[in-house]
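Okay, let's get going. I'll put the structure up and then walk through it piece by piece.

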Amino acid sequence: MKNSKLGNKKVIKGKRERYKKDAERRYGAKTKPGTPKAPSQAKIQHKEARRRRRESAPVTNAARSENSQYIQWFPGHMTRTKRKIQADLKLVDAVAEIIDARVPLSSRNPDLPSMVGNKPRVILMNKCDLADPIITRRWAQYFKEQGIKAIELNCKTGSGINNFTAAVREVLADKIEAWAAKGMVNRPLRVMVVGIPNVGKSTFINRISKTSKAKTEDRPGVTRGNQWFTLSYGGVNIDLLDTPGVLWPRFDDQQVGERLAFTGAVKDDVTDSQQLALRLLEFFKTSPTQVFCERFGLTFEDISDKTSFELLDMIAKKRGMLISGGEADTERAAIMLLDEFREAKLGRITLDELPEQR
Ligand SMILES: Nc1nc2c(ncn2[C@@H]2O[C@H](COP(=O)(O)OP(=O)(O)OP(=O)(O)O)[C@@H](O)[C@H]2O)c(=O)[nH]1
Ligand SMILES: [Mg+2]
């Protein structure tokens with residue numbers, strides 16, 4: 001048969017050649033494959049602005065250390081998400097702000113009030129299983145005193161999830177009464193789930209809907225668009241809108257950026273793991289814990305006498321992380337240390353103190 005596979009390929013190739021020639025005639029020849037494309041003027045300007053911002057950024061508090069680094073992560077999709085959140089706000093009755101119980105202050109986006117206005121809001125303190133339980137209780141009390149409805153959650157097990165509908169109904173009490181007066185009895189509660197990246201927004205939705213429809217992963221920046229989920233929980237109809245995690249353009253307090261990098265809300269690619277691990281060790285030097293010492297076979301004297309780098313070196317050697325020549329592989333040890341912190345293997349640690357203790 002004439003219309004063989006080869007024959008078809010030829011026709012397509014011919015078409016492609018024609019398209020290419022036509023495009024070259026109109027827009028000029030493309031650079032040869034392998035030739036790096038020159039950055040556009042806009043890209044150069046963007047990079048230059050970023051460099052200027054970086055240099056002018058004030059470094060505050062504990063971040064003043066030789067191991068401190070400037071942390072920032074605000075990719076374009078976050079700006080788009082902010083706009084989408086504002087646009088979709090009219091579709092919801094309330095906003096559920098998910099925060100990380102290990103950093104109840106640092107994980108609250110300061111731009112959120114301007115994004116969601118005065119929509120009734122509840123705070124879900126998630127990942128309680130990784131935070132210090134006593135401090136989490138104090139934070140919950142603190143929010144209560146501030147007149148903010150907050151509930152403690154562990155979306156890994158579902159603990160605390162049955163308080164969600166009651167909390168939403170409480171902040172929407174007036175609206176629910178008005179709906180009932182109009183005969184709208186089982187009207188779904190429409191709630192937008194917002195928060196910084198990797199705090200467990202999608203995991204919460206999966207947990208409450210008893211499905212795994214929302215994509216989740218142990219890295220920030222997984223959800224890329226707003227998505228609705230319809231469910232019924234304890235006889236209450238709920239529509240939840242999952243949103244991508246949003247940070248803000250600049251951490252004025254670099255300690256905030258650092259803490260968000262420790263907990264995994266900032267993409268690892270934009271930080272230097274070793275410097276970050278050294279900063280984490282500086283935290284353990286000021287607040288040493290038994291669990292930390294035992295895990296790496298260190299004494300409290302080691303922790304106070306040694307520099308963070310010496311500690312990282314010791315940890316690498318104790319874990320057999322060596323490079324050729326028997327030297328410690330501190331880069332590998334740094335990544336391991338951050339991973340273990342994130343999994344609470346170094347203890348259940350809350351990094352943010354309550355305002356009165358600051
Ligand atoms: N230990 C613990 N891990 C949790 C909890 N909730 C979520 N996770 C984990 O946190 C990681 C991030 O969860 P996601 O639901 O993808 O987070 P997200 O907020 O939707 O993240 P983005 O879509 O990137 O903004 C996953 O590995 C979850 O398993 C929790 O309560 N405890
Ligand atoms: Mg998500």
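**Strand 2 and its neighbours**

Let's start in the middle of the sheet: strand 2 is covered on both faces, with R121, I123 and M125 buried on one side and V122, L124 and N126 buried on the other. By buried I mean 20 or more other C-beta atoms within 10 Å of a residue's own, with exposed at 12 or fewer, partly exposed in between, and the C-beta atoms placed from the backbone. Helices (H or I, at least four residues) and strands (E, at least two) are DSSP runs, numbered from the N terminus. As a reminder, side chains in a regular strand alternate between the two faces of the sheet. Counting along strand 2, 6 of its 6 residues are buried.

What does strand 2 pair with? Strand 1 runs parallel to strand 2, joined by 6 bridges, and strand 3 (residues 149–152) is also parallel to strand 2, with 4 bridges. Pairing here takes at least two DSSP bridges between two strands. To give you one example from each pairing, E97 stands opposite I123 in strand 2, and V122 has K149 in strand 3 as its bridge partner.

Before I go further, the housekeeping. This is a predicted model, so local features need pLDDT of at least 70 and side-chain atom pairs count only at pLDDT 80 or more, while totals for chains, interfaces and linings use all residues. Residues are numbered from 1 along each chain as its sequence is written, and chains are lettered from A and ligands numbered from 1 in the order in which they are written.

**How far to trust it**

pLDDT is the predictor's confidence in each residue, from 0 to 100. The protein has a mean pLDDT of 89, and 83% of its residues reach 70 or more. Which stretches fall under 50? Residues 1–13 stay under 50, and the model gives them 2 contacts beyond four places in sequence. Residues 58–63 are also below 50, though that stretch has 13 contacts beyond near neighbours in sequence. A contact means two C-beta atoms, placed from the backbone, within 7 Å. Where pLDDT is low, the predicted coordinates should not be read in detail.

Now the whole protein: there are 14 helices and 6 strands, and of the 358 residues, 33% count as buried. Among contacts with a separation of 6 or more, 69% are between residues 24 or more positions apart.

**Helix 8 and the ligand**

Back to the details. Ligand 1 has 24 residues around it, and G200, T203, D218, T223 and G245 come nearest. Near, for this purpose, is a C-beta atom, placed from the backbone, within 6 Å of the molecule. The shell has 7 nonpolar, 11 polar and 6 charged residues. The classes: Ala, Val, Leu, Ile, Met, Phe, Trp, Tyr, Cys and Pro are nonpolar, Asp, Glu, Lys and Arg are charged, and the others, Gly among them, are polar.

Which element gives the most to that shell? Helix 8 (residues 201–209) does, with 3 residues. Helix 8 is also mostly covered, with 7 of its 9 residues buried, including T203, F204 and I205. Those buried residues pack against strand 1 (94–100), strand 2 (121–126), helix 6 (164–171), strand 4 (189–195), strand 5 (227–233) and strand 6 (236–242).

**Some loop residues**

Most residues other than glycine have a negative phi. So look at N198, in the loop between strand 4 and helix 8, where phi is near 70 degrees. N198 counts as buried because it has 27 C-beta neighbours inside 10 Å. K127 sits in the loop between strand 2 and helix 5 (133–145), with phi near 60 degrees. Is K127 buried or exposed? K127 is buried, because there are 27 C-beta neighbours inside 10 Å. At the other end of helix 8, K210 follows with a positive phi near 55 degrees.

One more loop: S106, between strand 1 and helix 4 (112–116). S106 touches V256, R259, L260 and D352, leaving out residues up to four places away in sequence. S106 and D352 are 246 residues apart in sequence but 7.1 Å apart in space, C-alpha to C-alpha.
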